[in-house]
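Me: I've just opened a new structure and I'd like to learn how to read its features. Can you take me through some of them, one by one?

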Amino acid sequence: MLRPWVIVLAVLFTLVAAFAVAGCDEGGEPSEWESPDVVGDDDDAATEDEVPATAVALADSWTAYHDPAALAWSWDAAVLMMGLMDLSRVTGDASYADYALAWLDHHIDAGYTIASSDTAVPAAVALLAWRATGDDRYLAVGDDAWDYIENKAGRTSDGGLNHLGWISGNELWIDSLFMIGPFLMDYADAVGDDAPAREYAHQLNVFRKHLRDDATGLYRHRYDDDTGEVAPSEALFWGRGNGWVFAAQNIAAARLPESARADLEFDLEADLDAMRASIVAATPPDGRFHTIVNAASSYQETSAGLLFAYGLATAVRDGRTDRAASIDWIERWIAGAMREIAEDAAQDTLLLGVSYGTSPGDLAYYNQVMKGENVSYGIGAFLLAATAREEIGRERVLARATIRKADETYVEHPIPCEGSTCGKFHLARGNFDRAKGSFAEALGANPADSEALFFDALVDTVRVGVGVVQQLDKEYVGETDMDGVIAWIATQRPVLQSVSARMAGAEANAEFSSRLERLLIIESGGHNAVGKREYDLGEAYLVDAVAHVLSGGLALLGGGEKSFALPHGAAGWFAAIRDAHRAFAQRATKSEADDAIDEIIAGIDDLIAGINAIMAEIDDQSDDLIPKNLLKLEGTFGIPGILQETDVKELVAGLGLPADLLANLDMPAALIDLLETIQAVLEAVKLIV
């Protein structure tokens, strides 16, 4: 179980980010493969295979655009680095490996935390670097990942590794089989000890028991050990997740030593045969899978087929599978991705149609996960599949598509790329550093540019929220305690005060309104995206309010001497604030303690102003981040990529408020009354000391 205060903090900073940004059809047997983009022996439409050049172009576009130091210590960047290391090995171009090494070196020097399966997978890249360079700093990363897996990771009752550390509780997610598998087998080789490989054999047993579907050989997404439930509850199989499993198990079939293989409670090769048969049967005519592979009503997605191709190509490369029986399918699946290659106005090569970070859900949920261009792990999967195909030898000539699919779009690069317009483009591509550079340029030309002020402050707000999650990761594995987390958060007070100052500049424009095509957050790992939304004056006040309240609250927490504990009830909160104010006044001055209270009060003023601004809007609010119907508890509310369209009262009831109370509230007047009451209580706290 998560501790209550952890849940509250997680919800709090989720809200920070939210306000800041904030029955199925079965796939039948595939028809005969027909593609104008795949050239056979009797078709001379193209003479040169374009997969290798496309792999290089994708790698070049990514590395030229993203500073490796800005990429998170997480699974998404790590999969890209694996692909770059393979590309470097196959092409002989050291620049791709150098990029991966620069990413590793930055995080080793800056400090990294391994607190989940998702943050363990960079150790697999580190072991590749260790073998290439002999630098024992990289082997030490492997030591840290093994220490996490053996001594710190949460486990199910039968020893399965939980996926997201403190966030996910006692849950198995199929991603973990890839995120820990290649690393554990490589680490066993590196240290000459079969214990890591035997640990992986145990994980294969546990995951199979809880997630494998006997009828198809495919895997469900998640198992909850506390409830015994699997998700999805129906027999629906997430494509990329099964791609992770297929690739990992094919690697395991070749790499597990005999001592670990003897621990398996099943026939791994027979399981892979069954899985392959189901994958083949689910292959659409164009080679590009549905995100739920057995649901034709789910959208088509690019990364799953690349992982299937990579898994099968490794089986051929390792001599476990007949090449003649496999190459056709490998190339069908890669061809599906080749149809999703485009070039933008800046001549950057793009891989389209890769879904962003995906949690377990139902069919409707999987369909609402957004897709985007040049997603790091999608490029990584392309590089892994393309280089493995090169190593086993091509059969056909695969060319890029000549006609763009209407259903796969991308955010176009503005030409020229200047000012706030350019900054918003970089936000859509997930490059916060370039975005801030563009907003700085805009503010240099016009210090009152409300768009630049708003979005520049938005980036910093999101970064603070991400930083809190990372600090909680450290607390989870014992690298700090909760007092240390609070102390770190307190260091962010100047950032939050700066956010408030910039938001005040945006608020000075009574007509402020801006649309953002997409906000892609990759510095935290996972590629999480908020879809197209409109940000108006109300949202500026709300972000300002969050910054004020957090800044003042952090000052109180950081100024006291007591360890942090979550109070209960209104009286408990009042006492906690009073005690924090008193302790701060004793350690510093009463004036400083009062200033912290005043900052919270100012934040509540901004919150009320934001509510009033939203309620005064008269335009179409169908794509507003916070529409007035949400504040009135009427109708439905959703955020593309984050929250499915949901009845507002059901959404609020999920926070624990009784239905009869919600039915009788006069909103937003009742909320404003409550906020004004809180302000009065805070004023009273100042009088007590």
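Me: Let's start with the second largest pocket: which residues lie nearest its centre?

Reply: A pocket is open, so you read it through the residues along its walls. This is a predicted model, and in it the second largest pocket has 19 lining residues, with Leu128, Asp186, Ile251, Arg255 and Tyr310 lying nearest the centre. Helices α3 (75–91), α5 (122–133), α7 (176–191), α9 (239–255) and α12 (303–317) are the elements that each give two or more residues to that lining. The space inside comes to about 410 Å³.

Me: What classes of residue make up the lining of the second largest pocket?

Reply: Sort the lining by class and you get 10 nonpolar, 8 charged and 1 polar.

Me: Now the cavities. What lines the largest cavity?

Reply: With a cavity, the probe fits inside but cannot get out. Here the largest cavity has a volume of about 80 Å³, and its walls are Ser61, Trp62, Tyr65, His66, Asp348, Leu350, Glu373, Asn374 and Arg429. Helix α2 (residues 51–65) gives the largest share of that lining, 3 residues. By class, the split is 3 nonpolar, 3 polar and 3 charged.

Me: And what about the second largest cavity: which residues line it?

Reply: Its lining consists of Trp62, His66, Tyr356, Glu373, Asn374, Ala428, Arg429, Arg518, Leu520, Ile522 and His527. The volume is about 50 Å³, and the lining counts 5 nonpolar, 3 polar and 3 charged residues. Look for Trp62 in both lists: it lines the largest cavity and the second largest cavity.

Me: Next, a single residue. Is Glu331 buried or exposed?

Reply: For that you check relative accessibility, where under 20% means buried. Glu331 has 0%, so it counts as buried. You'll find Glu331 in helix α13 (residues 323–338).

Me: What does the side chain of Glu331 reach?

Reply: One partner is the side chain of Arg389, in a polar contact at 3.0 Å. The Glu331 side chain also reaches the backbone nitrogen of Arg396, at 3.1 Å.

Me: Last one: which residues touch the most other members of the largest nonpolar core?

Reply: A nonpolar core is built from buried residues joined through their side chains. The largest one here has 136 residues, and Phe183, Tyr200 and Phe382 touch the most other members. Setting aside neighbours within four places in sequence, Phe183 is in contact with Ala123, Ala124, Leu127, Gly142, Ala145, Trp146 and Ile149. There is also a second, separate core of 69 residues, including Ile486, Leu550, Ile608 and Ile626.

Terms used
Residues are numbered from 1 along each chain as its sequence is written. This is a predicted model: local features need pLDDT of at least 70, side-chain atom pairs count only at pLDDT 80 or more; totals for chains, interfaces and linings use all residues. Side-chain values use heavy atoms; hydrogens and water are left out. On a 1 Å grid over the protein atoms alone, a cavity is a set of points where a 1.4 Å probe fits but cannot get out, and a pocket is an open set with protein on both sides within 12 Å along at least five of seven lines; lining residues have an atom within 4 Å of a point. Grid points are joined across faces, edges and corners, and a volume is the space filled by probe spheres set on the points. Helices (H or I, at least four residues) and strands (E, at least two) are DSSP runs, numbered from the N terminus. Ala, Val, Leu, Ile, Met, Phe, Trp, Tyr, Cys and Pro count as nonpolar, Asp, Glu, Lys and Arg as charged, and the others, Gly among them, as polar. Buried means under 20% relative accessible area, exposed over 50%, partly exposed in between (1.4 Å probe, protein chains only). A polar contact is a pair of N or O atoms within 3.5 Å; within protein, one must be able to donate a hydrogen and the other to accept it, and residues adjacent in sequence count only if both atoms are side-chain atoms. A nonpolar core is a set of buried Ala, Val, Leu, Ile, Met, Phe, Trp, Tyr and Cys residues joined through side-chain atoms within 4.5 Å. Contact means heavy atoms within 4.5 Å.
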